[in-house]
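User: I'm new to this one. Could you show me the structure and walk me through why things get the labels they do?

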Amino acid sequence: MQKFTNVKGIVAALDQANIDTDQIIPKQYLKSIKRTGFGPNLFDDWRYLDKGEPGMDHSKRKLNPDFVLNHDRYQGAKILLTRENFGCGSSREHAPWALLDYGFSCIIAPSYADIFFNNCFKNGILPVTLDSHQVDELFDEVLNHEGCQFEVDLPAQTVTTDNGQIYSFQINPTQKNRLLEGLDDIGITLQQAEKIKTYESERAKITPWVFN
Amino acid sequence: MRYYFKSKFTNTAIMAKTLYDKLWDAHLVHEYDDGTSLLYIDRQLVHEVTSPQAFEGLKLAGRKLWRVNANLAVADHNVPTTDRRLGIADPVSKLQVTTLTENCESAGITLFGMNDIRQGIVHVIGPEQGSTLPGMTIVCGDSHTSTHGALGALAFGIGTSDVEHVLATQCILQKKAKNMRVTVNGQLQPGVTAKDIILAIIGKIGTAGGTGYTIEYAGEVIESLSMEARMTICNMSIEAGARAGLVAVDQTTIDYVKDRPYSPNDEMWQQAVEYWQSLKSDDKAEFDIEIELDANQIKPYLSWGTSPEMVMPIDATVPDPELENDPVKREGMQRALEYMDLKPGMRAEDIQPDKVFIGSCTNARIEDLRAAADVVKGKKLAANIKLAMVVPGSGLVKQQAEQEGLDEIFKSTGFEWREPGCSMCLGMNEDQLEPGERCASTSNRNFEGRQGRGGRTHLVSPVIAAAAAVTGHFVDVNSVG
């Protein structure tokens with residue numbers, strides 16, 4: 001997994017609550033057996049005017065000019081600013097894969113769906129949680145200043161806006177460390193291999209049918 | 001509905017445990033300093049969509065499976081529901097299903113192939129086979145894994161990285177969730193089903209209401225429900241934001257589990273039953289939130305919008321966003337109404353679907369098919385219904401239904417009788433809505449484009465879907481003669 005320490009870049013403002021993973025990456029692209037290449041299909045149903053299918057040349061499809069990510073001002077955005085309950089719905093890890101492949105390594109929202117939130121940390125994406133009123137302020141700043149950039153600093157746990165406002169955010173120290181180090185969970189867990197084996201042998205006495 | 005927020009840290013809270021606490025404690029392998037835990041996983045269900053990258057990851061790292069027998073695999077999302085002898089026409093889908101087969105063969109994982117009678121939707125076949133059992137921890141790369149909580153098991157959906165993690169370590173890293181209990185007391189009215197109970201709950205607490213919680217469903221109504229109805233409720237816990245839903249083990253649970261292919265056999269059966277009987281919340285256990293619903297007040301529901309919290313009783317009218325004070329919610333409602341092509345004040349009964357889908361891990365078990373068949377028996381599809389289909393949850397559900405003659409009832413009404421799979425719940429195969437088409441669907445998500453780009457989904461129970469098929473509009477099943 002790639003490390004995440006900080007990001008500075010253009011902020012795209014997607015002003016909608018409850019954005020589900022079916023919107024982030026529609027079902028037809030889940031047929032892929034790879035982890036990469038989902039970027040052109042991020043928000044596919046909103047982003048393009050036609051119906052997309054795997055294998056198409058997506059660069060030739062007609063873009064929906066009304067969709068915010070297609071606006072000139074947000075090209076090259078690295079940070080996605082959005083609303084409550086982002087990533088609700090399915091457990092598809094293709095959602096963070098698509099966000100990352102598109103270029104978003106940081107999301108800022110008041111809240112996230114549990115599975116999506118968890119999936120971000122496995123892929124080097126930092127989901128920043130701020131209070132609703134702070135997110136309101138950030139939306140105001142981004143919408144009123146074209147080319148607005150934020151700097152998100154994970155070690156310092158801060159979001160700094162173009163006009164110098166600094167917002168602190170909370171993060172679980174383990175998840176923070178895994179992002180900073182780009183650590184592989186499996187390797188860490190296997191350090192507890194003996195404990196897992198002991199658990200299994202003890203447990204097999206209580207619920208032997210589970211281990212049949 | 002009433003909410004109670006209880007204070008923790010009383011003496012009784014320390015002594016008494018919720019069912020979730022018990023399941024958690026029994027599977028705790030290691031606790032890290034920050035409160036993150038390593039939780040042992042008894043069973044992993046594997047399907048074709050969220051597993052290929054996990055197997056690839058293991059291969060690249062040269063890692064082996066920790067416990068091969070802990071896994072059971074099936075292809076369900078991509079499979080065609082029409083004639084299986086023709087194979088999978090879409091080469092991309094075909095590659096994914098073939099990849100699952102190859103991965104399972106090389107790892108030694110039991111796989112129910114597309115032409116195996118036991119094949120079906122992963123959350124239908126787990127309980128059906130006795131592969132998912134009370135007291136287990138169960139994961140799958142699918143958010144509707146919450147279904148298995150109906151058995152008194154801790155079951156939740158995970159992403160592909162976690163699928164790989166469980167394959168390699170048989171454990172998952174997690175922080176413990178909080179406890180929520182939803183108690184449903186009273187008497188259900190005729191025509192009101194488990195689907196209406198869970199839609200009513202989601203309508204009340206919202207799609208993020210359960211975020212960070214495990215929900216235990218309790219009360220006399222839940223206790224009186226069949227296992228299949230309990231699965232319908234637990235299935236949609238994730239639509240309320242909760243990764244896991246639970247129902248305490250009782251005699252209904254034990255009777256359901258008995259004599260299933262993977263259930264414990266003679267000598268171990270008694271030991272298992274004794275253990276399972278402990279799987280309920282202690283009387284004095286305290287929950288972080290308690291919610292109570294009066295079953296007498298629950299009506300048949302349908303969703304009107306593009307989020308499962310956007311629901312209304314069948315005798316109600318489409319709500320008016322202008323009456324919503326929260327600007328973010330108001331905008332969401334307006335957007336949903338536009339997408340759904342509905343106007344505030346419209347009666348539910350005036351909404352006419354084009355298609356009817358009876359299926360999915362929410363509502364494709366034998367009881368669902370029986371209830372729907374009972375409504376359509378001797379009737380014909382309404383003229384405006386372009387397609388009505390029944391997709392049984394598994395090959396065994398299909399076989400059972402055929403033995404009972406349900407297939408003939410559906411077919412003579414004008415329904416198509418299909419092969420098992422996820423089908424039009426998410427439209428990964430050919431079963432999709434066309435842009436603008438409206439569907440009465442027994443599935444679990446009404447997101448934009450979920451059943452096909454531009455398609456409009458109304459979530460309903462099997463009996464309401466059946467009633468819509470024969471009347472051509474949404475209507476209380478009690479008024480269908």
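Analyst: Let's start with a term: contact means heavy atoms within 4.5 Å. By that rule, 66 residues of chain A are in contact with 76 residues of chain B. Bear in mind that this is a predicted model, where local features need pLDDT of at least 70 and side-chain atom pairs count only at pLDDT 80 or more, while totals for chains, interfaces and linings use all residues. Residues are numbered from 1 along each chain as its sequence is written, chains are lettered from A and ligands numbered from 1 in the order in which they are written, and side-chain values use heavy atoms, leaving out hydrogens and water.

User: How much area do chain A and chain B bury between them, and how much of it is on carbon and sulfur atoms?

Analyst: About 5,800 Å², with 54% of it on carbon and sulfur atoms. Buried area is the accessible area (1.4 Å probe) that two parts lose on being put together, summed over both.

User: What makes A:Glu200 and B:Arg67 a salt bridge?

Analyst: The rule asks for a side-chain nitrogen of Lys or Arg within 4 Å of a carboxyl oxygen of Asp or Glu. For A:Glu200 and B:Arg67 the closest N and O atoms are 3.8 Å apart, so the pair counts as a salt bridge. The rule finds seven salt bridges across the interface of chain A and chain B, and 38 over all chains in the whole structure.

User: And how do you know that B:Glu437 and B:Lys355 form one?

Analyst: Here the closest N and O atoms are 2.8 Å apart, so this pair fits the rule too. The pair links distant parts of the chain, 82 residues apart: B:Glu437 is in the loop between β18 (416–417) and β19 (438–441) of chain B, and B:Lys355 is in strand β16 (residues 355–358). Strands (E, at least two residues) and helices (H or I, at least four) are DSSP runs, numbered from the N terminus.

User: Why is α3(B) called oblique to α6(B)?

Analyst: Helix α3 (residues 52–61) and helix α6 (residues 160–169) of chain B pack at an angle of about 50°, with axes 8 Å apart. Angles under 35 degrees count as roughly parallel, over 145 as roughly antiparallel, 65 to 115 as roughly perpendicular and the rest as oblique, so α3(B) is oblique to α6(B). Their crossing is right-handed (the near helix is turned clockwise from the far one by less than a right angle; anticlockwise would be left-handed).

User: Which residues of α3(B) meet α6(B)?

Analyst: B:Gln53, B:Ala54, B:Phe55, B:Gly57 and B:Leu58 meet B:Thr160, B:Val163, B:Glu164, B:Leu167 and B:Ala168 of α6(B). This contact divides into six nonpolar, three polar and one charged. Ala, Val, Leu, Ile, Met, Phe, Trp, Tyr, Cys and Pro count as nonpolar, Asp, Glu, Lys and Arg as charged, and the others, Gly among them, as polar.

User: What makes α3(B) oblique to α4(B)?

Analyst: The axes of α3(B) and helix α4 (residues 91–107) of chain B come within 10 Å and cross at roughly 40°. That angle falls in the oblique class, so α3(B) is oblique to α4(B). This crossing is left-handed.

Note on methods
Axes fitted to C-alpha atoms, helices over the stretch in contact; angles between N-to-C directions.
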